[in-house]
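Thanks for sharing this one. Here are my notes, set out as numbered points so you can follow along in your viewer.

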Amino acid sequence: MITGVRTTAYTHNESDHIEYGARTAVGTQLKHGQVRSAAADWSIYPVGTVFQIQGDPSLYIVDDYGSALVGTKTIDLYKPSFSSMNNWGTRHVTIRVIKWGSFAKSLAILKPRAYKASHVRKMVASIQARPA
């Protein structure tokens, strides 16, 4: 269990997400059902990490990232509408990691994008600096 995890919420209709539409950083549809999409700093929670929030039966999978999350331990939870996003707000929760994702897969996705954005370069550098 990881206690005190700061969570926020986002939706595909936000202005900074419009260019990506309802797609994740891995290229799949944003999910909001029994399995839900989450965005995080992939050097902390690598792509593919599956977790559950205490008191919530849903499963969340880290399949997205965002520039505001890099260097923070915040997890951004996908919500399908502005009202559900605003209803969530910011909450500190306890999570249980069911399966850790892959730093190698994170690097494979991030490295070709590193030239485009400083936040991607930061995640790549943090992953590469991890002890083997």
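The points below go through the strands, the salt bridge, the cores and a few single residues.

1. A word on the source before anything else: this is a predicted model. Please read every distance and percentage below as computed from that predicted model.

2. Let's begin with strand 4, residues 59-64, which pairs with strand 2 in the parallel sense over five bridges. Strand 3 also joins strand 4, this time antiparallel and through two bridges. A good residue to click on is I61 in strand 4: it is the bridge partner of S37, and V50 has I61 as its bridge partner too.

3. The link between strand 3 and strand 4 is worth a look. The two strands form a hairpin with five residues between them. In the turn you will find G55, whose phi is positive at about 90°.

4. How many salt bridges does the structure hold? There is one, and the side chains that meet in it are those of D63 and K31, at 2.9 Å from N to O. D63 belongs to strand 4, while K31 sits in the loop between strand 1 (2-10) and strand 2, so the pair ties together parts that are 32 residues apart in sequence. The two partners are not equally covered: D63 counts as buried because its relative accessibility is 3%, under the 20% cut-off, whereas K31, at 27%, counts as partly exposed.

5. Next, the nonpolar interior. The largest nonpolar core has 29 residues, and the members that touch the most others are W42, F51, I53, I75, L77, I95 and L110. At least two residues each come from strand 1, strand 3, strand 4, strand 5 (75-78), helix 1 (82-88), strand 6 (91-99), helix 2 (103-110) and helix 3 (118-128). Helix 3 gives the most, with four residues. Another core, of five residues, lies apart from this one; Y10, A39, L69 and Y78 are among its members.

6. I95 deserves its own line. Setting aside residues up to four places away in sequence, I95 touches M1, I2, V5, Y45, F51, Q52, I53 and I75.

7. That list leads to Q52, which is found in strand 3. Is Q52 buried or exposed? At 17% relative accessibility, Q52 counts as buried. Its side chain has two polar partners to look at: the backbone oxygen of P57, reached at 3.1 Å, and the side chain of R96, at 2.7 Å. Beyond its neighbours within four places in sequence, Q52 is in contact with P57, S58, L59, T94, I95, R96 and I98.

8. S43 is another residue to check by eye. S43 lies in the loop between strand 2 (35-39) and strand 3 (50-53), yet S43 is buried, with a relative accessible area of 9%. Its side chain makes a polar contact with the side chain of D41 at 2.6 Å. Leaving aside neighbours within four places in sequence, the contacts of S43 are F103, M123, S126, I127 and R130.

9. Finally, a loop residue that contrasts with S43. Y115 has its place in the loop between helix 2 and helix 3, and at 64% relative accessibility Y115 counts as exposed. From Y115 to R6 the separation is 109 residues in sequence and 29 Å in space, C-alpha to C-alpha.

Conventions: Residues numbered from 1 in each chain as written. Predicted model: local features only at pLDDT ≥ 70, side-chain atom pairs only at ≥ 80, totals over all residues. Heavy atoms only, no water. Buried < 20%, exposed > 50% of the residue type's maximum accessible area, 1.4 Å probe, protein only. Polar contact = N/O pair within 3.5 Å; in protein donor to acceptor, adjacent residues only side chain to side chain. Contact = heavy atoms within 4.5 Å. Pairing = 2+ DSSP bridges. Salt bridge = Lys/Arg side-chain N within 4 Å of Asp/Glu carboxyl O. Core = buried A, V, L, I, M, F, W, Y, C linked by side-chain atoms within 4.5 Å.
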